[in-house]
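Hello,

Here is the structure I promised to hand over. Please open it first, then read the notes below.

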Amino acid sequence: MIFVETELKDAYIIELEQKQDHRGFFARTFCAQEFEAHGLKPTVAQCNLSFNYKKGTLRGMHYQTLPAAETKLVRCTQGAIYDVIIDMRPESPTYLQYIGVELTAENHRALYVPEMFAHGYQTLTDSAEVAYQVGEFYTAGYERGLRYDDPFFNIQWPLEVTDISEKDKNWPLMKMMSVGGNV
């Protein structure tokens, strides 16, 4: 695996190191020792799969707070997505900054999402499938979210949003969350 640092502290793009021959290729997609060597948390508590019918579908922006904060390793296994993460760690030098990365079945990239990062994505193709390795169990009482269209972040989604859940459409704006003092 090839670990590529992003502009956000502790977030990485994981490229495959392919061993190719006449049959195709073989590549390791996860190794706890390699993750630990890069200072990443290698715990996997759950594996999730998301399938999306329509191009333009948006899921996110989700995260869990401590003590149930999740790491995620996100990979697009069919089609293509634009994956976005926002650093929600107040002590981080990249607090409230975001990046977007294109993950596709063809580029085989994965995005490592550290704890306390909001995560969401938009499908760039019909029939997009996304696999997640998650480092903590889903815990409803610790779930939080941010609006995908919050002017505070001004995320530049590549397409018009064609489908989104009511829950994701109605997360509070950052301005409202900051007033309450609880991000």
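In what order do the strands of the 6-stranded open sheet run? The order is 1-2-10-7-12-5, and the pairing is antiparallel. Please keep in mind that this is a predicted model.

**The sheet**

Two strands sit at the edges: strand 1 (2-5) and strand 5 (46-52). Each of them pairs on one side only. From one strand to the next, the twist averages 25°. Look at the strand 5 end. Strand 5 is joined to strand 12 (residues 128-134) by 7 bridges, and the two run antiparallel. To find the register, start at L49, which stands opposite A131 in strand 12.

**Strand 6**

Next, go to strand 6 (58-64). Of its 7 residues, 5 are buried, so strand 6 is largely enclosed by the rest of the structure. Strand 6 has antiparallel partners. Strand 11 (residues 117-123) is joined to it by 3 bridges. There, R59 has Y121 of strand 11 as its bridge partner. Strand 13 (residues 143-145) also pairs with strand 6 in the antiparallel sense, again over 3 bridges. In that pair, Y63 stands opposite R144.

One backbone detail deserves a look. The peptide bond from G60 to M61 is cis, with omega near 15°. M61 belongs to strand 6.

**The cores**

Which residues have the most contacts inside the largest nonpolar core? They are M61, I86, M88, L146 and W157, in a core of 20 residues. Strand 6 and strand 8 (80-87) each supply at least two residues of this core. Strand 8 gives the most, with 4 residues. Another core lies apart from this one. That core has 18 residues, including L103, Y121, V130 and V134. Y121 is thus a name to note twice: it is in this second core, and it is the bridge partner of R59.

**The largest pocket**

The largest pocket holds about 520 Å³ of space. Its lining has 29 residues. The closest to the pocket centre are S50, R59, H62, Y132 and D168. Five elements give two or more residues to the lining: strand 5, strand 6, strand 11, strand 12 and helix 2 (166-169). By class, the lining has 10 nonpolar, 11 polar and 8 charged residues.

**The cavities**

How many cavities of 30 Å³ or more are there? The count is 2.

- The largest has about 60 Å³ of space. Its lining is F30, F35, K41, P42, T43, V44, T71, K72, L73, Y112, Q133 and G135. These divide into 6 nonpolar, 4 polar and 2 charged residues.
- The second largest has a volume of about 30 Å³. Its lining is Y63, Q64, A69, E70, K72, M116 and F117. Here the classes are 4 nonpolar, 1 polar and 2 charged.

K72 appears in the lining of the largest cavity and in that of the second largest.

**Loops worth a stop**

Start between strand 6 and strand 7 (72-78), where E70 is found. Is E70 buried or exposed? E70 counts as buried, because its relative accessibility is 12% and the cut-off for buried is under 20%. E70 and T139 are 69 residues apart along the chain, yet their C-alpha atoms are separated by 9.8 Å. P67 is in this loop too. A cis peptide bond joins L66 to P67, with omega about 5°.

Then check two residues for their backbone angles. D10 has a phi near 75°, a positive value in a residue other than glycine. D10 lies in the loop between strand 1 and strand 2 (12-15). With a relative accessible area of 32%, D10 is partly exposed. H108 also has a positive phi, near 60°, and is not a glycine either. Its place is the loop between strand 9 (98-104) and strand 10 (110-113). H108 is partly exposed as well, with a relative accessible area of 24%.

Best wishes

Technical notes: Residues are numbered from 1 along each chain as its sequence is written. This is a predicted model: local features need pLDDT of at least 70, side-chain atom pairs count only at pLDDT 80 or more; totals for chains, interfaces and linings use all residues. Side-chain values use heavy atoms; hydrogens and water are left out. A nonpolar core is a set of buried Ala, Val, Leu, Ile, Met, Phe, Trp, Tyr and Cys residues joined through side-chain atoms within 4.5 Å. Buried means under 20% relative accessible area, exposed over 50%, partly exposed in between (1.4 Å probe, protein chains only). On a 1 Å grid over the protein atoms alone, a cavity is a set of points where a 1.4 Å probe fits but cannot get out, and a pocket is an open set with protein on both sides within 12 Å along at least five of seven lines; lining residues have an atom within 4 Å of a point. Grid points are joined across faces, edges and corners, and a volume is the space filled by probe spheres set on the points. Ala, Val, Leu, Ile, Met, Phe, Trp, Tyr, Cys and Pro count as nonpolar, Asp, Glu, Lys and Arg as charged, and the others, Gly among them, as polar. Two strands pair if DSSP finds at least two bridges between them. Axes are lines fitted to C-alpha atoms, for helices over the stretch in contact, and angles run from 0 to 180 degrees between N-to-C directions.
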